[in-house]
Amino acid sequence: MIEWFTWVQVAVAVAAGLFCVIRGLVGRAPNDLTLGSAALVELLLVVQVVVALVAPGAGNPPTGSLLEFWVYLVTALLLPPLAIFWALIERNRWSTVIIGVACFAVAVMVYRMNQIW
């Protein structure tokens with residue numbers, strides 16, 4: 001993994017998580033801003049998939065368990081779309097909080113992926 005890109009992903013996921021949790025706790029239903037922040041986290045994860053596929057060929061092979069890394073990455077890829085899907089079906093303040101919690105989970109998973117790599 002690329003160290004600086006990992007920290008960008010973690011920072012964006014934490015910022016999106018804080019934004020969504022705060023908006024949810026003040027009673028806001030999901031809107032374009034909260035859904036867009038989760039979509040940005042997802043976009044960065046898709047870029048991470050490309051980086052993970054290219055990095056070994058560029059001389060940056062993983063030092064930890066490759067299976068564990070990919071399980072984390074695939075699971076992290078599923079969290080934002082599932083949270084967005086939930087928010088679109090059940091449009092209330094708690095759906096916004098769920099988006100934030102999913103973003104926090106992605107931040108932790110990306111940090112762990114960096115440790116594994």
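Here is a short conversation about a predicted model and how its helices pack.

Colleague: Happy to have a look at this one with you! How many residues does H1 have, and what span is expected for it?

Modeller: Good place to start. H1 covers residues 3-25, which makes 23 residues. From its first C-alpha to its last, H1 reaches 33 Å, close to the expected value at 1.5 Å a residue, which is 33 Å.

Colleague: Which helices do the buried residues of H1 pack against?

Modeller: The buried set in H1 includes Phe5, Gln9, Val10, Ala16 and Val21. Thr6, Ala13 and Cys20 also belong to that set. The partners of these buried residues are H2 and H4.

Colleague: Is Thr6 buried or exposed?

Modeller: Thr6 sits in helix H1. Beyond its neighbours within four places in sequence, Thr6 is in contact with Met1, Val110 and Asn114. Its relative accessibility is 0%, and the cut-off for burial is under 20%, so Thr6 counts as buried.

Colleague: And Ala13, further along H1: which residues is Ala13 in contact with, leaving aside neighbours within four places in sequence?

Modeller: Ala13 is buried, at a relative accessible area of 0%. Its C-alpha is 12 Å from that of Gly36, a residue 23 places away along the chain. As for contacts, with the neighbours within four places left aside, they are Val41, Cys103, Phe104, Val106 and Ala107.

Colleague: I noticed Cys20 and Cys103. Why is there no bond between the sulfur of Cys103 and the closest cysteine sulfur?

Modeller: Both cysteines are buried, Cys20 at 0% relative accessibility and Cys103 at a relative accessible area of 1%. A disulfide needs the two sulfur atoms within 2.5 Å. The sulfur of Cys103 is too far from that of Cys20 for a bond, because the distance is 5.3 Å.

Colleague: Then how many disulfides does the count come to?

Modeller: Cys20 is in no disulfide, and the nearest cysteine sulfur to its own is that of Cys103. By the distance rule, the count of disulfides comes to zero.

Colleague: What happens just after H1, at Gly27?

Modeller: The backbone angle to look at there is phi. Gly27 takes a positive phi, with a value of about 100°.

Colleague: On to H2. What covers the buried residues of H2?

Modeller: H2 runs over residues 32-54 and reaches 33 Å from its first C-alpha to its last. Its buried residues include Leu35, Val41, Leu44, Leu45 and Val49, and also Glu42 and Gln48. What covers them includes H1, H3 and H4.

Colleague: Could we zoom in on Ala38? Which residues does Ala38 touch, not counting those up to four places away in sequence?

Modeller: Sure! Ala38 is found in helix H2 and is buried, with a relative accessible area of 1%. Its C-alpha lies 24 Å from that of Ile116, which is 78 residues away in sequence. Not counting residues up to four places away, Ala38 touches Pro80, Ile84, Ile99 and Cys103.

Colleague: Which helices are included in what covers the buried residues of H3?

Modeller: H3 has 24 residues and reaches 35 Å, close to the 34 Å expected. Its buried residues are Phe69, Leu73, Ala76, Leu77, Pro80, Ala83, Ile84 and Ala87. Their cover includes H2 and H4.

Colleague: Are H3 and H4 roughly parallel or antiparallel to each other?

Modeller: H3 (residues 66-89) and H4 (residues 93-116) pack with their axes 9 Å apart. The angle between them is about 170°, and angles over 145 degrees count as roughly antiparallel. H3 and H4 are therefore roughly antiparallel.

Colleague: How do the residues of that contact divide into nonpolar, polar and charged?

Modeller: On the H3 side the contact includes Phe69, Tyr72, Leu79 and Trp86, along with Glu68 and Thr75. H4 contributes residues including Ile98, Ile99, Met109 and Met113, along with Ser95 and Arg112. The division is 17 nonpolar, two polar and two charged.

Colleague: One last spot, the loop between H3 and H4, where Glu90 is placed. How far apart are the C-alpha atoms of Glu90 and Pro30?

Modeller: At 39% relative accessibility, Glu90 counts as partly exposed. Glu90 and Pro30 are 60 residues apart along the chain. Their C-alpha atoms are separated by 9.2 Å.

How values were computed:
Residues are numbered from 1 along each chain as its sequence is written. This is a predicted model: local features need pLDDT of at least 70, side-chain atom pairs count only at pLDDT 80 or more; totals for chains, interfaces and linings use all residues. Side-chain values use heavy atoms; hydrogens and water are left out. Axes are lines fitted to C-alpha atoms, for helices over the stretch in contact, and angles run from 0 to 180 degrees between N-to-C directions. Helices (H or I, at least four residues) and strands (E, at least two) are DSSP runs, numbered from the N terminus. Angles under 35 degrees count as roughly parallel, over 145 as roughly antiparallel, 65 to 115 as roughly perpendicular and the rest as oblique. Contact means heavy atoms within 4.5 Å. Ala, Val, Leu, Ile, Met, Phe, Trp, Tyr, Cys and Pro count as nonpolar, Asp, Glu, Lys and Arg as charged, and the others, Gly among them, as polar. The expected span of a helix is 1.5 Å times one less than its number of residues. Buried means under 20% relative accessible area, exposed over 50%, partly exposed in between (1.4 Å probe, protein chains only).
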